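Here is a colleague's note for someone opening this structure for the first time. Please keep the sequence and the model in view while reading.

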Amino acid sequence: MCGTCGCGSENNGPKILKPGEHKHVHGDHHHHQEGHAHSHATHHHHDGHVHTHDHSHDHKSKVLIIEQDILQNNQVLAARNRGYFEAKNIFALNLVSSPGSGKTTVLERTLTDLKDQIPFYVIEGDQQTMNDANKIDALNVPVIQINTGKGCHLESDMVFEAVKKLEMQNNAILMIENVGNLVCPSMFDLGESKRVVIISTTEGEDKPIKYPDMFHTSDICIINKIDLLPYVNVNVQKLKDYALKVNPKLQFFEVSATTGEGMQAWYDWLKIPS
Amino acid sequence: MHELSIALGIVKIAEDETAKAKAKKVTKIELQVGVLSGIEIDSLNFVWESAVKSTVLENAEKVIDIIEGKGKCVDCDTEFEMENIYDCCPNCGSNFKGILKGKELSVKALEVI
């Protein structure tokens, strides 16, 4: 889907590719600036009371009572993914973070250290490039890249299509690396078993309350780049306190994917998922 | 800007329901958006025009019911207004709470012709 106008043109739709596969681009996609319309948005504030409307009108319009959740489509497909993972005993993790927190490095390190013990599969989500999928491919781990184009998050239908291409064996771990973005992916269930939010020590301790939705919906919080703590002005306990304020059930791992410090606790958790 | 995905979800619901009712277009749409739903109404308004262009929702009047947030403390049962998802219990300070209201994100009704 095109992020500028929302049209479903092929060029701007999500691309789901294995490393080595080619993209086919057909023609160009233009946005025309057309006449300006104006919307009439009215805001009603509810104060808790239920009111009924009289919906009779003198013209032939009619009122349809819908009461439908806007995210329902995504949730239905997420439930389908989840059922598939459960049936195959696949532990699926949705890795979310802001760009640059070290998501891919944590993933690469984990795969390098554990791939001989546990079968892994990876779905990489980025707006553009096959770079991350190529990194994972170099480790000989099966991977599918989803390029969302202008889209800022993965949705369950993209994961559904990617999973079909992966042809996974039973009893494995599926790592879904979401688009680097601490806002949008929080609303979109992919069917994962657990959601893992990664934050690095260079990001500032109040990030959990600045971007609360992501921390609210996550199960695990990995604090990465702890090797940089002597150089940055961040109090890890304060960061955790903020995160717990948003989500009292959050479980933490403090790691450095570069030096390997703290990674063992994360590996132990991966091997025996609670 | 996940509001665009949300707007497109709304368009899909409107297209489906309008077709089901054998109507031509939507003249008015009523949405419910909770303050804890994760949606910025300004952002939704910003993407609205491009999302509804050439759909049954083009030119439809959009009415948004904003649902205030309400939580209930797990520790002391106090019910309280919530503006943010991390608001703690004003009575005992606990962070453990259930969200009673404010996560809504739905299409409530359509007026079609």
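The points below take up a sheet, one of its strands, a pair of helices and the cysteines.

1. Before anything else, please bear in mind that this is a predicted model, and that the remarks which follow describe that model.

2. In chain A there is an open sheet of eight strands with mixed pairing, and its order is β1-β6-β5-β7-β4-β8-β9-β10. At the edges stand β1 and β10 (251-254) of chain A, each with a single partner strand, so that one side of each has no neighbour in the sheet. On average, and with direction ignored, neighbouring strands of this sheet are turned by 20° against each other.

3. Within this sheet, strand β6 (residues 143-147) of chain A deserves a careful look, because five of its five residues are buried and the strand is therefore largely enclosed by the rest of the structure. The burial concerns both faces of β6(A), with A:Val143, A:Gln145 and A:Asn147 on one side, and A:Ile144 and A:Ile146 on the other.

4. Which strands pair with β6(A), and in what sense? Strand β1 (residues 15-17) of chain A pairs with β6(A) in the antiparallel sense over three bridges, and here A:Ile16 stands opposite A:Ile146. Strand β5 (residues 120-126) of chain A pairs with β6(A) in the parallel sense over five bridges, with A:Asp126 opposite A:Asn147.

5. β5(A) also pairs with strand β7 (residues 172-177) of chain A, in the parallel sense and over five bridges, and in this pairing A:Tyr121 stands opposite A:Leu174 of β7(A). Together with helix α3 (residues 131-137) of chain A, β5(A) and β6(A) make a right-handed β-α-β unit.

6. Turning to chain B, helix α1 (residues 3-20) and helix α2 (residues 41-52) pack with their axes 9 Å apart and at an angle of about 50°, and the two helices are therefore oblique to each other. The crossing in which α1(B) passes α2(B) is right-handed.

7. How many disulfides does a search of the whole structure find? The search finds zero over all chains. For A:Cys152, the closest cysteine sulfur is that of A:Cys184, and no bond is counted because the distance of 3.2 Å is too far. In chain B, the sulfur of B:Cys92 has its closest cysteine sulfur in B:Cys73, at 3.7 Å, which is again too far for a bond. A:Cys152 is buried, with a relative accessible area of 12%, whereas B:Cys92 is partly exposed, with a relative accessible area of 41%.

Technical notes:
Residues numbered from 1 in each chain as written. Chains lettered and ligands numbered in written order. Predicted model: local features only at pLDDT ≥ 70, side-chain atom pairs only at ≥ 80, totals over all residues. Heavy atoms only, no water. Buried < 20%, exposed > 50% of the residue type's maximum accessible area, 1.4 Å probe, protein only. Helix = DSSP H or I, 4+ residues; strand = E, 2+ residues; numbered from the N terminus. Pairing = 2+ DSSP bridges. Right-handed = clockwise from strand over helix to strand, strands pointing away. Disulfide = S-S within 2.5 Å. Axes fitted to C-alpha atoms, helices over the stretch in contact; angles between N-to-C directions. Parallel < 35°, antiparallel > 145°, perpendicular 65-115°, else oblique. Left-handed = near helix turned anticlockwise from the far one by under 90°.
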